[in-house]
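Me: I am new to this structure and would like a close look at one single part of it. Please take me through that part carefully, and then show me how its surroundings are put together.

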Amino acid sequence: MIFLDSSALLKRYLDEPGSAVVADVMEDDSQWAASVLARTEAAITLCRQWSLGATRATQLGLLDDDWARFLSVPIDFVGLERAQTIGC
């Protein structure tokens, strides 16, 4: 199982450095996980990235389709504090 943060998740929808690596890893592993925060951050970024409605709707649709495959990890304040403790 792979865990994607929002920056890795966005590489699936945006052509940027590292996009091919993320695509390969996601293709090789059919089990994906991400926090619900990553999905929200990705959606907001896609909305801001694409000025054309059709392109934005397409990218958001792809995110929605993909999200159905994800194990979504809920997050609350305790989880955020724990992540900060681990990260620091």
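Reply: Asp 29 is buried (under 20% relative accessible area with a 1.4 Å probe and protein chains only, where exposed means over 50% and partly exposed lies in between) and yet has no salt bridge, a salt bridge being a side-chain nitrogen of Lys or Arg within 4 Å of a carboxyl oxygen of Asp or Glu. The nearest side chain of opposite charge is that of Arg 69, 7.7 Å away; in this count Lys and Arg are positive and Asp and Glu negative, while His and the chain ends are not counted. This is a predicted model, in which local features need pLDDT of at least 70 and side-chain atom pairs count only at pLDDT 80 or more, while totals for chains, interfaces and linings use all residues. Residues are numbered from 1 along each chain as its sequence is written, and side-chain values use heavy atoms, with hydrogens and water left out.

Asp 29 sits in the loop between helix 2 and strand 2, where helices (H or I, at least four residues) and strands (E, at least two) are DSSP runs numbered from the N terminus. A polar atom of the Asp 29 side chain lies 3.0 Å from the backbone nitrogen of Gln 31. Beyond residues up to four places away in sequence, Asp 29 touches Met 1 and Ile 2, contact meaning heavy atoms within 4.5 Å.

Before that loop comes helix 2, in which Ser 19, Val 22 and Met 26 are buried. These three cover an arc of only 65° around the axis, so they are on the same side of helix 2; the arc is taken from the directions from the helix axis to the C-beta atoms. The buried residues of helix 2 pack against strand 1 (2–3), helix 1, strand 2 and strand 3 (70–73), whereas the face turned away from the buried side carries the exposed residues Ala 20, Val 21, Glu 27 and Asp 28.

Met 26 also belongs to the largest nonpolar core, which has 18 residues, and is among those with the most contacts inside it, as are Leu 4 and Trp 32; such a core is a set of buried Ala, Val, Leu, Ile, Met, Phe, Trp, Tyr and Cys residues joined through side-chain atoms within 4.5 Å. Helix 1 (6–10), helix 2 (19–28), strand 2 (32–35), helix 3 (36–49) and helix 4 (53–67) each supply at least two residues of this core, and its largest share, 4 residues, comes from helix 3. Leaving aside neighbours within four places in sequence, Leu 4 is in contact with residues including Val 22, Met 26, Trp 32 and Phe 70.

On the other side of the loop, strand 2 holds Ser 35, which counts as buried because its relative accessibility is 13%. Apart from neighbours within four places in sequence, Ser 35 is in contact with Phe 3, Trp 67 and Val 73.

Although Asp 29 has no salt bridge, the whole structure contains 3 of them. Asp 66, buried at a relative accessible area of 10%, forms one with Arg 12, the closest N and O atoms being 2.5 Å apart. Asp 66 lies in helix 4 and Arg 12 in the loop between helix 1 and helix 2, so this pair ties together parts that are 54 residues apart in sequence.

How values were computed. A polar contact is a pair of N or O atoms within 3.5 Å; within protein, one must be able to donate a hydrogen and the other to accept it, and residues adjacent in sequence count only if both atoms are side-chain atoms.
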